[in-house]
Amino acid sequence: MKRIEEISARRKEILKEMGRIKSLKRGTLTEQYLKVRHLGKKEPVLRGPYYVLSRHEEGRTVSRRVSLKELAEVRAELSAGKRFRELCREYEELTEELGLLFGVEAEDGEEKKRRRRF
């Protein structure tokens, strides 16, 4: 019974933390460098970094450049997205454990109903 209460309390905390996330982004942020040839030089020069935000949507990769002005905000939103996914996974695991514990309690207290399999 104590474990059930602990799980329920943690699930409430997770939902509160999720509610505090105001903005998030999915995807990855990469640095891109371009090779540029200068007149009179044999070797190309690297220009950059240019920052690119990429993610998958409907089976395709969608990318856009991120300006230096919005770089810090995009990084923070990507971090919030990662945290949100971690919280979802934890909530899912706790809910699964909660279901198992309720099943154990039912077996201890009374006979479980049997389902027919088709």
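# Exercises on a predicted five-element chain

The protein chain contains two helices and three strands; helices (H or I, at least four residues) and strands (E, at least two) are DSSP runs, numbered from the N terminus. This is a predicted model, in which local features need pLDDT of at least 70 and side-chain atom pairs count only at pLDDT 80 or more, while totals for chains, interfaces and linings use all residues. Residues are numbered from 1 along each chain as its sequence is written, and side-chain values use heavy atoms, with hydrogens and water left out.

## Exercise 1. The chain as a whole

Task: State the order of the elements from the N terminus on, and the percentage of residues that count as buried.

Solution.
Step 1. From the N terminus, the order is α-β-β-β-α.
Step 2. Buried means under 20% relative accessible area, exposed over 50%, and partly exposed in between (1.4 Å probe, protein chains only). By this rule, 17% of the 118 residues are buried.
Step 3. A contact means heavy atoms within 4.5 Å. Of the contacts with a separation of 6 or more, 56% are between residues 24 or more positions apart.

## Exercise 2. The two sides of helix α1

Task: Compare the span of α1 with the expected one, then find which of its residues are buried and which are exposed on the other side.

Solution.
Step 1. The expected span of a helix is 1.5 Å times one less than its number of residues. With 19 residues, α1 reaches 28 Å from its first C-alpha to its last, close to the expected 27 Å.
Step 2. I4, I7, R11, I14 and M18 are the buried residues of α1. They are on the same side of α1 because they cover an arc of only 80 degrees around the axis; the arc is that of the directions from the helix axis to the C-beta atoms.
Step 3. The other side of α1 carries the exposed residues K2, E5, K12, K16 and R20.

## Exercise 3. The nonpolar cores

Task: List the residues of the largest nonpolar core and say which element gives the most to this core.

Solution.
Step 1. A nonpolar core is a set of buried Ala, Val, Leu, Ile, Met, Phe, Trp, Tyr and Cys residues joined through side-chain atoms within 4.5 Å.
Step 2. The largest such core has seven residues: I4, I7, I14, M18, L87, L94 and L98.
Step 3. Two or more residues of this core come from each of α1 (2–20) and α2. With four residues, α1 gives the most.
Step 4. I14 is in contact with L87, E90, Y91 and L94, leaving aside neighbours within four places in sequence.
Step 5. A second, separate core has six residues, among them L53, V66, L71 and V74.

## Exercise 4. Contacts of strand residues and of E77

Task: Which residues does S63 touch, and which are in contact with T28? Is E77 buried or exposed?

Solution.
Step 1. S63 is in strand β3 and is partly exposed, at 44% relative accessibility. Not counting residues up to four places away in sequence, S63 touches V52, L53 and S54. The C-alpha atoms of S63 and V52 are separated by 6.5 Å, at 11 residues apart along the chain.
Step 2. T28 lies in strand β1 (residues 28–36) and is partly exposed, with a relative accessible area of 46%. With neighbours within four places in sequence left aside, T28 is in contact with V52, L53 and S54.
Step 3. E77, found in helix α2 (residues 71–109), counts as buried because its relative accessibility is 10%. Beyond residues up to four places away in sequence, E77 touches S23, L24 and K25.

## Exercise 5. Backbone exceptions and a ring

Task: Where is the cis peptide bond, which residue other than glycine has a positive phi, and which residue lies over the face of Y50?

Solution.
Step 1. Most residues other than glycine have a negative phi, and most peptide bonds are trans.
Step 2. The cis bond joins G48 and P49, with omega about 5 degrees. P49 is found in strand β2 (residues 45–57) and touches E31, Q32 and Y33, not counting residues up to four places away in sequence.
Step 3. E58 has a positive phi, near 50 degrees. E58 is in the loop between β2 and β3 (60–66) and is exposed, with a relative accessible area of 83%.
Step 4. A charge sits over a ring if NZ of Lys or CZ of Arg is within 6 Å of the ring centre and within 35 degrees of the ring normal. R65 lies over the face of Y50, at 4.4 Å from the ring centre.
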